[in-house]
Amino acid sequence: MNTKSKIHALRISGGITQMQLAAGLGVSFQAVSKWETDRGYPETEKMIRISKLFHVTLDYLLDDENAPAEGLEKNSGGMKPEEVRKCER
């Protein structure tokens, strides 16, 4: 599973929209869409924020060989929309 798929899966498992994730990260929803469709890539700062939001390691997000069981199911508590909105920018 690659980074774009992991971001998408984490967002879906957290029950949040691209717009909500974008607001929590301080980016446009178009940026999130580009990340999830492999037409763009998050900056390092955003990758760190994504890892903290979803309680996964950067290693999990960046390593294409990490299967979902090693990151998504094991480390992710899933984000609720209200938790994303509370994130500091």
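**Exercise 1.** In this predicted model, decide whether isoleucine 48 counts as buried, partly exposed or exposed, working from its relative accessibility.

*Solution.* The computed relative accessibility of isoleucine 48 is 32%. Buried would require a value under 20%, and exposed a value over 50%, with partly exposed lying in between. Isoleucine 48 therefore counts as partly exposed.

**Exercise 2.** Place isoleucine 48 within the secondary structure, and then describe the pattern that the protein chain follows along the sequence.

*Solution.* Begin with the residue itself: isoleucine 48 belongs to helix α4, which covers residues 44-53. Turning to the protein chain, one finds seven helices and zero strands, and reading along the sequence gives the pattern α-α-α-α-α-α-α.

**Exercise 3.** Identify which residues make the nonpolar surface patch that includes Ile48, and state how far apart the C-alpha atoms of isoleucine 48 and leucine 58 are.

*Solution.* The patch is made by Tyr41, Ile48, Leu58 and Leu62, and its area is about 350 Å². Membership requires over 30% relative accessible area, and the 32% of isoleucine 48 can be set beside that cut-off. For the pair in question, isoleucine 48 and leucine 58 stand ten residues apart along the chain, while their C-alpha atoms are separated by 6.7 Å.

**Exercise 4.** Characterise burial, exposed area and contacts for the protein chain.

*Solution.* Of the 89 residues in the protein chain, 43% are buried. The exposed area comes to about 5100 Å², of which carbon and sulfur atoms supply 50%. Finally, when contacts between residues at least 6 apart in sequence are considered, 57% of them join residues at least 24 apart.

Methods. Residues numbered from 1 in each chain as written. Predicted model: local features only at pLDDT ≥ 70, side-chain atom pairs only at ≥ 80, totals over all residues. Heavy atoms only, no water. Patch = residues over 30% accessible without salt bridge, like charges linked within 9 Å, V, L, I, M, F, W, Y side chains within 5 Å. Areas by Shrake-Rupley, 256 points an atom, 1.4 Å probe, with all protein chains shown as cover. Salt bridge = Lys/Arg side-chain N within 4 Å of Asp/Glu carboxyl O. Helix = DSSP H or I, 4+ residues; strand = E, 2+ residues; numbered from the N terminus. Buried < 20%, exposed > 50% of the residue type's maximum accessible area, 1.4 Å probe, protein only. Contact = heavy atoms within 4.5 Å.
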